[in-house]
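The exercises below are meant to be worked through with the model open alongside the text. Please try each task before reading its solution.

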Amino acid sequence: FIQRHPLANALAHRAFLPHHVSINDLMANWLAIANYIDADVPYLKHALVMKLEDLVSDPDAELSKVWKFVGVEPLQHPRTVTVRPHVNRKYEKLYCDNLKDPVNGARHLAIHRLLREQYGESVRKLGYDLDEWACIGDAERTHDGGQ
């Protein structure tokens, strides 16, 4: 199983879905799937969970885990595929641009706070942080001093 940061995942899916699908619905979906995987993995004979962010930041190390998991020797020749290490940058920028918007930024921050309140702890337990993008803290300080 490969997981992706829940905000990046939600924004990536939102690009292909009707506009009435909310980021809250997409976050709930991400969490339901992640919890399902987390609960199932201990009972599966052959299951490996990795983060997309780890795979793209250090593909050789992560692929070595996959080779070991499936019981084969790692490839001994150099990789010929270039991997983009900042796979979530596009979605982080989109999210941050919304938070910085002079007209709607406060509304986007309010939505983020609701996401944090509803999903933050559960997301942290699964190894991610809804506040890890620097622009979120910046938006909190800019819009109302973090209250």
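What follows is a set of exercises on a predicted model, each with a worked solution.

**Exercise 1. Overall layout**

Task: Establish how many helices and strands the protein chain holds, and in which order its elements run from the N terminus.

Solution: The secondary structure of the protein chain amounts to seven helices and two strands. Read from the N terminus, the elements follow the order β-α-α-β-α-α-α-α-α. Along the principal axes, the C-alpha trace spans about 55 × 35 × 30 Å. Of the 147 residues in the chain, 32% are buried. Turning to contacts with a separation of 6 or more, 67% are between residues 24 or more positions apart.

**Exercise 2. The nonpolar core**

Task: Identify which residues of the largest nonpolar core touch the most other members, and which element gives the most residues to this core.

Solution: The core comprises 27 residues, among which Leu7, Ile23, Met27 and Tyr95 touch the most other members. Two or more residues each come from helix 1 (6–14), helix 2 (23–40), helix 5 (89–100), helix 6 (105–125) and helix 7 (134–144). Helix 2 gives the most, with six residues. For one member, Tyr95, the contacts can be listed in full once neighbours within four places in sequence are set aside: Leu7, Leu11, Ile23, His112, Leu115, Trp133 and Ile136.

**Exercise 3. The geometry and buried side of helix 2**

Task: Compare the expected span of helix 2 with the distance between its end C-alpha atoms, then determine how its buried residues are placed around the axis.

Solution: With 18 residues and 1.5 Å a residue, helix 2 should span 26 Å, and the 25 Å between its end C-alpha atoms agrees with this expectation. The buried residues of helix 2 are Ile23, Leu26, Met27, Trp30, Leu31, Ala34 and Ile37. Because these residues cover an arc of only 135° around the axis, they lie on the same side of helix 2. The elements against which the buried residues of helix 2 pack are strand 1, helix 1, helix 5 and helix 6.

**Exercise 4. Two aromatic pairs**

Task: Find the two aromatic pairs in the structure, classify each by its geometry, and decide whether the partners are buried or exposed.

Solution: A pair of aromatic rings is described by the distance of the centres and the angle of the planes. The structure holds two such pairs. In one of them, the ring centres of Trp30 and Tyr128 are 5.8 Å apart and the planes stand at 80°, so the pair is edge-to-face. This pair links distant parts of the chain, since Trp30 is in helix 2 and Tyr128 is in the loop between helix 6 and helix 7, 98 residues apart. Trp30 has a relative accessible area of 6% and is therefore buried, and Tyr128, at 5% relative accessibility, also counts as buried.

The other pair, formed by Tyr95 and Trp133, is edge-to-face, with 5.7 Å from centre to centre and 70° between the planes. It too links distant parts of the chain, with Tyr95 in helix 5 and Trp133 in the loop between helix 6 and helix 7, 38 residues apart. Tyr95 is buried, with a relative accessible area of 7%, and Trp133 counts as buried at 5% relative accessibility.

**Exercise 5. Around Gln3 and Tyr128**

Task: Locate Gln3 in the secondary structure, decide whether Gln3 is buried or exposed, and find which charged residue sits over the ring of Tyr128.

Solution: Gln3 belongs to strand 1 (residues 2–3). Its relative accessibility is 10%, and because buried means under 20%, Gln3 counts as buried. Not counting residues up to four places away in sequence, Gln3 touches Ala34, Val49, Met50, Lys51, Leu52, Glu53, Leu126 and Tyr128. Two of these residues, Lys51 and Tyr128, also meet in another way, as the charged end of Lys51 sits over the ring of Tyr128, 4.5 Å from its centre.

**Exercise 6. The two faces of helix 7**

Task: Separate the buried residues of helix 7 from the exposed residues on the face turned away from them.

Solution: In helix 7, the buried residues are Cys135, Ile136, Ala139 and Glu140. Because they cover an arc of only 145° around the axis, they are on the same side of helix 7. The face turned away from this buried side carries the exposed residues Ala134, Arg141 and Thr142. Helix 5 and helix 6 are included in what covers the buried residues of helix 7.

Notes
Residues are numbered from 1 along each chain as its sequence is written. This is a predicted model: local features need pLDDT of at least 70, side-chain atom pairs count only at pLDDT 80 or more; totals for chains, interfaces and linings use all residues. Side-chain values use heavy atoms; hydrogens and water are left out. A nonpolar core is a set of buried Ala, Val, Leu, Ile, Met, Phe, Trp, Tyr and Cys residues joined through side-chain atoms within 4.5 Å. Buried means under 20% relative accessible area, exposed over 50%, partly exposed in between (1.4 Å probe, protein chains only). Helices (H or I, at least four residues) and strands (E, at least two) are DSSP runs, numbered from the N terminus. Contact means heavy atoms within 4.5 Å. The expected span of a helix is 1.5 Å times one less than its number of residues. The arc is that of the directions from the helix axis to the C-beta atoms. Rings of Phe, Tyr and Trp (its six-membered ring) pair if their centres lie within 6.5 Å; planes under 30 degrees apart count as stacked, over 60 as edge-to-face and the rest as tilted. A charge sits over a ring if NZ of Lys or CZ of Arg is within 6 Å of the ring centre and within 35 degrees of the ring normal.
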